[in-house]
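Reader: I'm new to this one and a bit lost. Could you pick the beginning of the chain, look at it closely, and then show me how it sits in the rest?

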Amino acid sequence: VEVDMSAAKKFRETVTEFKPTYNDFVLAAAVQALKAVPAVNAQWLGDAVHVADVINLGMAVALDEGLIVPVIRDAQEMTLRKLNEAAAKLAEKAKTHRLLPDDYAGSTFTVSNLGAFGVDQFTAIINSPDSAILAIGRMEDRPVVREGQVVIRPMMKVTLSSDHRVIDGALAARFVAAFKEALEAAAFAV
């Protein structure tokens, strides 16, 4: 889906306590969507589906050596600022090769954001045993039609990859709709 980031841009300007990144908004919207559609926060365990009762949010980080996915634990309990702090700390640990095994184990859902690399849209590969991963493309001003008028809006494409043994198409669509709604509303607890 395409997400209109106008409200997120406006919200970002109002935050004075710290400077949230757009990826912070993506992480917060993913948490809101997982709360709204908890069946997506699930894992395939070989012969059964386990729906997690916590949101351990994997955050893909690109290193010269390859990709690593540190985990923000109990993300469902975090404000936007706490998500910002946790993500920054884990990204720094990853880039300086100081992650411990506990830092990158136990995710229940993953977000992969290649927008900073100029990627418009991509399909991410699911990190097993998780059942889904959300791929985030770059935000770019584009013409769109709103109320019969062509306007320029900051748009971003997102793609959900999901394991159909756990998440069928309708469930995936409900999650993506909840994610889009959360990000376009930009009503995040600071």
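**A close look at the start of the chain**

Author: Let's begin with charge: the protein carries 20 positive and 24 negative side chains, and the centres of these two sets are 5 Å apart. Lys and Arg are the positive ones here and Asp and Glu the negative ones, with His and the chain ends not counted. Each charge is placed at NZ of Lys, CZ of Arg, CG of Asp or CD of Glu.

A few ground rules. This is a predicted model, where local features need pLDDT of at least 70 and side-chain atom pairs count only at pLDDT 80 or more, while totals for chains, interfaces and linings use all residues. Residues are numbered from 1 along each chain as its sequence is written, and side-chain values use heavy atoms, with hydrogens and water left out.

Now the frame around your part. The protein has four helices and ten strands, and from the N terminus they come in the order β-α-α-β-β-β-β-β-β-α-β-β-β-α. Those are DSSP runs numbered from the N terminus: helices are H or I with at least four residues, strands are E with at least two.

So where does the close look start? Strand 1 covers residues 2–4, and Asp4 belongs to it. Asp4 counts as buried because its relative accessibility is 7%; buried means under 20% relative accessible area, exposed means over 50%, and partly exposed is in between (1.4 Å probe, protein chains only). The Asp4 side chain makes a polar contact of 3.1 Å with the side chain of Arg153. A polar contact is a pair of N or O atoms within 3.5 Å; within protein, one must be able to donate a hydrogen and the other to accept it, and residues adjacent in sequence count only if both atoms are side-chain atoms. Beyond its neighbours within four places in sequence, Asp4 has Arg153 among its contacts, along with Arg146, Pro154, Met155 and Glu184. Contact here means heavy atoms within 4.5 Å.

Next comes helix 1, residues 6–14, whose buried residues are Ser6, Ala8 and Phe11. Their cover includes strand 1, helix 2 (22–36), helix 3 (80–95), strand 10 (149–162) and helix 4 (169–185).

Follow one of those covering pieces, helix 2, and you meet Leu34. Leu34 has 1% relative accessibility, so it counts as buried. Setting aside residues up to four places away in sequence, Leu34 touches Val40, Asn41, Ile55, Leu57, Phe109 and Phe175. Its C-alpha atom is also 8.2 Å from that of Phe179, although the two residues are 145 apart along the chain.

Helix 3, another piece of the cover, holds Asn84. With 16% relative accessibility, Asn84 counts as buried too. Not counting residues up to four places away, Asn84 touches Phe18, Lys19, Pro20, Thr21 and Asp24.

Just past helix 4 is the segment that holds Ala186. Ala186 is not a glycine, yet it has a positive phi of about 50°.

How does that fit the whole? Contacts between residues 24 or more positions apart make up 61% of those with a separation of 6 or more. Of the 190 residues, 47% count as buried. The C-alpha trace spans about 50 × 40 × 30 Å along its principal axes.
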